[in-house]
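Hi everyone, thanks for coming. Let me put the structure up so that we can walk through it together.

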Amino acid sequence: MLGHNDGKDLFKARFEAHMTLTQHEIEHYREHGYVIPRYRLPPALVDDLRTALDGLLARYTDVAQEDLANPHMLPPSEGPGTNPFMRTARHPEVLDLIEQLLGPDLALWITRVLCKPAAKGREVPWHQDGEYWLMRPLATCSAWIALDPVSTANGCMRFIPGSHKQQQLYRHHVSNRDNLVLNLELDQDQFDEAQAVNVELEPGQMSLHDVRLIHGSLPNTSGQRRAALIMRYMPTTSHYDRSLVDQRRDNSPFNILHQPLWLLRGVDRSGQNDFVHGHAQWHERYAQGLAPVMESEG
Ligand SMILES: O=C(O)CCC(=O)C(=O)O
Ligand code: NI
């Protein structure tokens with residue numbers, strides 16, 4: 001029989017098992033634009049992700065390892081045996097963390113693997129994700145999960161704490177520098193690089209960052225690979241407005257236009273999101289054996 005206290009006890013148990021964000025972690029996210037939760041993915045899932053990543057890298061040798069798009073759309077993306085990227089993206093513990101930051105109505109709109117190979121991993125220039133993206137109002141929490149030990153030496157993420165706070169997008173330019181993962185780069189006078197925090201993580205650890213946080217990462221010149229799974233969630237109070245794709249200043253409409261949205265919690269508050277568009281395109285891409293390439297995305 002259920003006692004009236006069971007809900008509370010369950011919450012307490014989950015809290016003690018480090019499955020929720022603490023009040024301090026939530027405040028850190030609001031204040032600094034990011035947080036590194038004490039929560040970690042279950043080790044068995046991390047193992048599955050690493051094995052699946054090895055499979056991807058072996059299969060798509062013609063795609064730069066930094067640019068593997070939407071691995072959660074690999075078959076099967078639903079039902080028994082669902083691929084580990086999708087299993088992670090819809091993992092109830094992960095969604096609980098995101099819900100604490102974005103509220104109860106959540107859509108997953110993109111995932112990517114950003115794997116910087118040893119010695120030649122490319123740089124991610126300083127940017128704000130919001131400069132690239134189509135949802136309005138701008139809102140997304142990105143979960144960046146380390147699949148390898150991630151350190152300053154192998155090109156960890158670098159954050160400018162609090163840079164999201166003015167709710168502004170700062171001036172970017174189209175960069176033609178070689179070996180960049182993205183091509184919209186913040187103008188140097190828009191922020192102070194000396195404020196950067198290096199985010200070092202162990203496999204299964206994650207950072208969560210806001211859509212307006214200034215961030216980037218250096219090239220990987222070390223002998224150690226740096227792989228991450230990135231999953232991006234928006235509250236469904238925002239509308240993923242595909243008609244805005246023509247206003248983008250970089251040269252990469254496909255991914256961003258045909259993103260397959262998944263409603264993972266609650267309802268579509270905006271009433272305008274299309275959860276059908278893009279799904280067939282991505283399934284077809286995989287069925288035809290086409291490489292899932294991520295074009296410049298954020
Ligand atoms: O993985 C990186 O180094 C950069 C990723 C990034 O820009 C992002 O997740 O928004
Ligand atoms: Ni980014």
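Let's start with one pair: Met157 stands opposite Val199 in β10. Met157 also has a partner on another strand, since it stands opposite Ser217 in β12. A quick word on terms: strands here are DSSP runs of E with at least two residues, helices are runs of H or I with at least four residues, and both are numbered from the N terminus. Two strands count as paired if DSSP finds at least two bridges between them.

Before going further, please keep in mind that this is a predicted model: local features need pLDDT of at least 70, side-chain atom pairs count only at pLDDT 80 or more, and totals for chains, interfaces and linings use all residues. Residues are numbered from 1 along each chain as its sequence is written, while chains are lettered from A and ligands numbered from 1 in the order in which they are written.

Back to the strands. β7, residues 157–160, is joined to β10 by 3 bridges, and the two run antiparallel. β7 also pairs with β12 in the antiparallel sense, over 4 bridges. Within that pairing, Phe159 has His215 of β12 as its bridge partner. Now add β4, residues 124–128: 3 bridges join it to β12, again antiparallel. There, Gln128 stands opposite Ile214 of β12.

So what order do the 4 strands of this open sheet take? It is β4-β12-β7-β10, with antiparallel pairing. β4 and β10 (197–199) stand at the edges with a single partner strand each, so one side of each has no neighbour in the sheet. On average, neighbouring strands of this sheet are turned by 25° against each other, direction ignored; the axes behind that angle are lines fitted to C-alpha atoms, for helices over the stretch in contact, and angles run from 0 to 180 degrees between N-to-C directions.

Let me stay with the edge strand β4 for a moment, where we find Pro125. Is Pro125 buried or exposed? Neither quite: with 18 C-beta neighbours inside 10 Å, Pro125 counts as partly exposed. The cut-offs are 20 or more other C-beta atoms within 10 Å for buried, 12 or fewer for exposed, and partly exposed in between, with C-beta atoms placed from the backbone. Leaving aside neighbours within four places in sequence, Pro125 is in contact with Ser175, Leu180, Leu182, Glu185 and Gly216; contact means that the C-beta atoms, placed from the backbone, lie within 7 Å.

Gly216 brings us to β12 itself. Ile214 and Gly216 point one way from this strand, His215 and Ser217 point the other way, and all are buried.

Next, the ligand. Which residues come nearest to ligand 1? Of the 11 residues around it, they are Leu114, Val124, Ser142, Ser217 and Ile230; a residue is near a molecule if its C-beta atom, placed from the backbone, lies within 6 Å of it. β6 (141–146), β12 (214–217) and β13 (226–235) each supply at least two residues of that shell. By class, the shell has 6 nonpolar, 4 polar and 1 charged residues. Here Ala, Val, Leu, Ile, Met, Phe, Trp, Tyr, Cys and Pro count as nonpolar, Asp, Glu, Lys and Arg as charged, and the others, Gly among them, as polar.

β6 deserves its own moment. 6 of its 6 residues are buried: Cys141, Ala143 and Ile145 on one side, and Ser142, Trp144 and Ala146 on the other. β6 runs antiparallel to β11 (residues 206–210), with 5 bridges joining them, and antiparallel to β13, with 6 bridges. Trp144 takes part in both pairings: its bridge partner in β11 is Ser207, and in β13 it is Ile230.

Now a helix. In α5 (residues 92–102), Val94, Leu97, Ile98, Glu99 and Leu102 are buried. The buried residues of α5 pack against α4 (84–89), β3 (106–116), β6, β11, β13 and β15 (262–265). After α5 comes Gly103, with a positive phi near 95°.

To finish, the whole chain. It has 7 helices and 15 strands. Its radius of gyration, taken over C-alpha atoms, is 19 Å, close to the 19 Å that the globule rule (2.2 Å times the number of residues to the power 0.38) gives for 298 residues, so the chain is as compact as a globular protein of that length. Of those 298 residues, 43% count as buried. Thanks, everyone!

Notes:
Contact = placed C-beta atoms within 7 Å.
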